[in-house]
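Reader: Hey, I've got this one open on my screen. Can you walk me through it?

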Amino acid sequence: MLRRVLTPLLIALSALTLTLVGAAPATAAPAEQSQPLRQTVLYYDARLAAEYTSAVSSAVRVWNYSVTNVRLEPAPAGRRAEIRIIADNGWPRAHLGPVRPGGRVTVWMGRQGTAAGYDAVRIAAHELGHSLGLPDVKPGPCSSLMSGSTGGVSCTNPYPNASERSRVEANYGRGLTGQSATDGQLLVDRV
């Protein structure tokens with residue numbers, strides 16, 4: 001009789017103890033598999049983007065909509081940005097990433113590109129793509145963001161295609177920090 005009373009009580013207390021201490025059942029996945037991947041946040045500074053500030057904001061929204069493993073945010077006051085965006089009179093260009101938190105790359109929104117008739121938002125999205133680790137894919141169709149100027153002046157597509165999105169997701173898939181061997185290479189986006 002005592003066993004019939006104590007056994008269910010001990011089972012109930014064991015279950016309560018497991019619940020209170022947060023122990024996982026024996027069938028749970030290993031911790032490294034059950035934890036979600038960390039999203040890498042990269043800060044950008046567009047204070048020197050001049051007339052391209054709006055285009056840069058649009059391009060940032062495109063990337064934040066298109067990928068989940070990395071997010072671009074404006075750098076708060078006092079914080080060093082990983083991506084500096086500068087307007088100048090040259091051709092659009094950027095350092096090749098993937099830039100990591102604490103690293104630094106620069107995007108130049110060269111006025112020669114828009115003067116030649118290329119879309120400013122596409123240019124900004126393309127150059128940010130370099131910062132995220134995407135090289136040029138030239139020649140290429142308008143459907144490829146990284147085809148850059150070879151898409152033609154009539155091409156206004158600012159969205160990365162599936163392959164480009166996948167590559168950026170892989171570049172930031174584990175929320176890694178540090179620099180890769182390609183950080184810093186300057187890419188000038190001329191035909």
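Author: Sure, and keep in mind that this is a predicted model. Let's start with a loop: Pro98 sits between β4 (93-96) and β5 (105-110).

Reader: OK, so what's the peptide bond from Gly97 to Pro98 like, cis or trans?

Author: That bond is cis, and its omega is near 15°. For background, most peptide bonds are trans.

Reader: And the bond from Lys138 to Pro139, cis or trans?

Author: Cis, with omega near -10°. You'll find Pro139 in the loop that runs between α5 (120-131) and α6 (162-171).

Reader: Cool. Switching topic: what's up with the phi of Ala50?

Author: Ala50 isn't a glycine, yet its phi is positive, about 50°. In general, most residues other than glycine have a negative phi.

Reader: Where is Ala50, then?

Author: Look in the loop between β1 and α3 (53-66). Ala50 has a relative accessible area of 42%, so it counts as partly exposed, since that class runs between 20% and 50%.

Reader: Now pockets! What volume does the largest one have?

Author: About 180 Å³. It is lined by 13 residues, and the closest to the centre are Asp45, Arg47, Ala75, Pro76 and Arg79.

Reader: Which strand gives the most to that lining?

Author: Strand β1, residues 40-48, which puts in 4 residues.

Reader: And by class, how many of the lining residues are nonpolar, polar or charged?

Author: The lining of the largest pocket has 7 nonpolar residues, 5 charged ones and 1 polar one.

Note on methods
Residues are numbered from 1 along each chain as its sequence is written. This is a predicted model: local features need pLDDT of at least 70, side-chain atom pairs count only at pLDDT 80 or more; totals for chains, interfaces and linings use all residues. Side-chain values use heavy atoms; hydrogens and water are left out. On a 1 Å grid over the protein atoms alone, a cavity is a set of points where a 1.4 Å probe fits but cannot get out, and a pocket is an open set with protein on both sides within 12 Å along at least five of seven lines; lining residues have an atom within 4 Å of a point. Grid points are joined across faces, edges and corners, and a volume is the space filled by probe spheres set on the points. Helices (H or I, at least four residues) and strands (E, at least two) are DSSP runs, numbered from the N terminus. Ala, Val, Leu, Ile, Met, Phe, Trp, Tyr, Cys and Pro count as nonpolar, Asp, Glu, Lys and Arg as charged, and the others, Gly among them, as polar. Buried means under 20% relative accessible area, exposed over 50%, partly exposed in between (1.4 Å probe, protein chains only).
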